[in-house]
Amino acid sequence: MLVGYVSDERFSALADVLVEIQDGSEQVLVRSGVTGAIHADLAPGQYRIWLAKPGFGSKHVDLSLPSAEPHQFRLLSDAVLGYVWPKWVRVGETAEFRVHCAEPYELELWRYGYAKTLIRKIGAFDEFGPRACIQLLPDGDFTQTGVAWNKVGYGNPVYKQLIEAPEQSGLYYFHVRTKSGRTFAFPWIVAPKGPAAKIAILASNIRWNAYNGFGGRNNYVNPISLPEKPTVNARQDLDRYRIADHIDYLSDHYDPLSFDRPEWINDVPLDAKVTDIIDGRYASGAAPAEWRVLGWLERENFQYDFYAETQFHEGDLELSDYQILIISTHPEYWTRQMYFKLKDWVHSSGGKLLYLGGNGINCEVEMMGDRMVCQNGNERERVKAGVTDSRFHGRVESEANLLGVVYTPAGVMTAAPYEVVDPDHWVFEGTGLKKGSVFGRHTLNSRCPGGASGHETDKLSPSSPKGVHVVAKGMNPEDGGAQMCLYETDSGGAVFSAASITFGAALLVDTHASRITSNVLKRFLET
C-alpha cells in the first residue's frame, strides 16, 4: 500500500525518514524512498504514524487507511524561522510572534529607517522539554491554509507570546539569534493610528505573499496547485525548468495562498546597514529593498506614514488624509478595489502618486480573509500576442491608465543608467544634467547591478494617459530602458513613474536619482 509521501517545508521529498506505524499493540517499521514515498503492507483501519529524521522535527499523525489520495506528510527542518501575526497592525495594537527554533534563542524588536533602532529586547526563550521551541507543519498543502504556529502545545495562557506595536509608524523587524549564532529576521508593518504626515507609503506585502514559496507553492512554482508528488530534483521535476517554453499561467483556477506563513524572502542579516548591497534574488524585490526607500526618505527628512497594501485594501488607509502616496520597488499584485480607489483619488481628487518601482499592478488578486488568489488567467499568451498589456489589463484595465507605463519584457534582467530626454523639465532642477546626460549609474540591487533602470522596466503603451511626458529613458539593450515619465490630471492630480525595479535601490547611492525624486516630492507637496 502507498501510504503517502513525506516532504519538507519546500515540498522537497525526504528520503530515509523512519516511519513507525502503530495499530493497537502491533507496529510496522518502514522508511521512505527517494521520492518520499512510504509503502507498507497494512489492513484497512485507524493508525498512528510516527515520523523521524535527523535534522527535522519528529511528529505523529493519526490516519485512517487506505485514504482516497496518498497522504502528504510534512516535516519541518531545524531551521530558524519566524513571523508575527498579524503581520500588519496599527500603532498600539497587539500581535503574536511565532518562532521556530531547535535551540535557545533571544528575540529583539528593531525599527528599520535610515538608522536601525533597537526598540526593545523581548527576551530569551528556552523550554523545560527537549526541543520544545520547535513548531509543527500541518500535513497537506498548508500554503492554502497557513501554518498556524503557536497552536500545538501552546494552550497555557501564561505563555502567550504577545507584543504591542510601538508608537511610531514604520517598518519593524524581529531579530532572532540562537546560542550557536544562527539568525533570522522577519518584518512587521506598523501603520499610524491616524495620519501623522503628508506622505503615505505602501509596503508591497501582497507581492511578498505571491513570491513566498514556504510550503512548496507560490505564484511562480506550482502556482495552480500542489502536485501529488514532492520535488526530488527541481530542474527535472518542476514545469518551470522542465519545459523550455513553459508558461506559468495556463488555468482559470488557482489555489489560494495564505499570508499565515514565514517569509524567507524578507530575511536580512542582523548587522545589515541601509546602504549595504541587497543580497539575493528575492530580497532585491521585497522588504529589504523597500527598506532602502524608507531609509532615503528619512535621510532627506521627508516624514511618512507606513501602511501595508492589505490595509489599503481593507480601508484602513484613507487617501484623502494625504497629499502623496508612494509605491515602490515591485508592487506587482493589486486588488481592483485598490486600483480604482487610487485612480479616482489621482484623477478626480487631485492626489499625487510616486511610482518608484517597476512591473507594478500587473496582476489582479482577490482577497479571501487571510488568503489571496492570484488571478493570472491565461493572459501571458494574450500579452505576448499584443492583445493586452498585462494580466491586470485582461481582467480590469491596463495599469498604464494610472501609472502611465506598463511592464514589457524588453531589457528584462539587465540594468543600465538613464539618459536625459528633456533637460528643461523641472524634475532636473539643481542636477546640472543636460540633454543626453547619463544618470542613475549606481544601485544597491545586486541581482541586476549596473544602473537605476533595471531588473524589470516599464514603458508607455496605447493606454497611457494623454499628456504623459517622458523625461528620461533607461539605456538598457533591446530598447528595453525604463521610461521615466510624469503626467497631470484635470483635478490637479499628478503621477511620477520611475518605471524600474532597481530605481528605489539607487536613491541612497546615486546623487542624481536622489535629487530628481526629491524635486518631485517637494513639488507635489507644494501644489
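Buried, in this talk, means under 20% relative accessible area. With that cut-off, Cys133 counts as buried, because its relative accessibility is 11%. Before I go on: this is a predicted model.

Let me stay with the cysteines. How many disulfides are there? The count comes to 0. Cys133 is in no disulfide, and the nearest cysteine sulfur belongs to Cys101, 6.9 Å away. A disulfide would need the two sulfurs within 2.5 Å, so a pair at 6.9 Å does not qualify. Another cysteine to point out is Cys448, which is buried at a relative accessible area of 4%.

Next, the nonpolar cores. In soluble globular proteins, nonpolar side chains tend to be buried together. Here the largest nonpolar core has 139 residues. Which of them touch the most other members? They are Phe174, Trp188, Leu325, Tyr333, Leu342 and Phe496. Apart from that core lies another one, of 19 residues, including Val17, Val19, Val30 and Tyr47.

Now the aromatics. Searching the whole structure gives 25 aromatic pairs. One of these is Phe97 with Phe174, a tilted pair, with 6.4 Å from centre to centre and 40° between the planes. Where do the two residues sit? Phe97 is in strand S10, residues 94-100, and Phe174 is in strand S14, residues 170-178, so the pair ties together parts that are 77 residues apart in sequence. Phe97 is buried, at a relative accessible area of 3%, and Phe174 is buried too, at 0%.

A second pair is Tyr339 with Phe340. Their ring centres are 5.1 Å apart and the planes stand at 75°, so this pair is edge-to-face. Are these two buried or exposed? Tyr339 counts as buried, at 0% relative accessibility, whereas Phe340 is partly exposed, at 37%.

Going back to Phe97 and Phe174, ring pairs link them with Tyr105, Phe125, Phe184, Phe186 and Trp188 into a cluster. Phe174 and Trp188 also came up among the residues with the most contacts to other members of the largest core.

Two arginines lie over aromatic faces. Arg10 is over the face of Trp264, at 5.2 Å from the ring centre. Arg207 is over the face of Tyr211, at 3.5 Å from the ring centre.

Last, two sheets. Strands of a sheet pair through backbone hydrogen bonds, either parallel or antiparallel.

One is an open sheet of 4 strands in the order S3-S2-S5-S6, with antiparallel pairing. Which strands are at its edges? Strand S3, 26-31, and strand S6, 59-65, each of which pairs on one side only. On average, neighbouring strands of this sheet are turned by 25° against each other, direction ignored. Strand S2, residues 18-23, pairs with S3 in the antiparallel sense over 6 bridges. Within that pairing, Glu20 stands opposite Leu29 of S3. Val30, listed earlier in the core of 19 residues, falls within the 26-31 range of S3.

The other open sheet also has 4 strands, ordered S17-S23-S22-S20, but here the pairing is mixed. Strands S17, 257-258, and S20, 333-334, stand at the edges with a single partner strand each, so one side of each is left without a neighbour in the sheet. S17 is joined to strand S23, residues 371-375, by 2 bridges, and these strands run antiparallel. For Ser258, the bridge partner in S23 is Arg371.

Conventions: Residues numbered from 1 in each chain as written. Predicted model: local features only at pLDDT ≥ 70, side-chain atom pairs only at ≥ 80, totals over all residues. Heavy atoms only, no water. Core = buried A, V, L, I, M, F, W, Y, C linked by side-chain atoms within 4.5 Å. Buried < 20%, exposed > 50% of the residue type's maximum accessible area, 1.4 Å probe, protein only. Phe/Tyr/Trp six-rings, centres within 6.5 Å; stacked < 30°, edge-to-face > 60°. Lys NZ or Arg CZ within 6 Å of the ring centre and 35° of its normal. Pairing = 2+ DSSP bridges. Axes fitted to C-alpha atoms, helices over the stretch in contact; angles between N-to-C directions.
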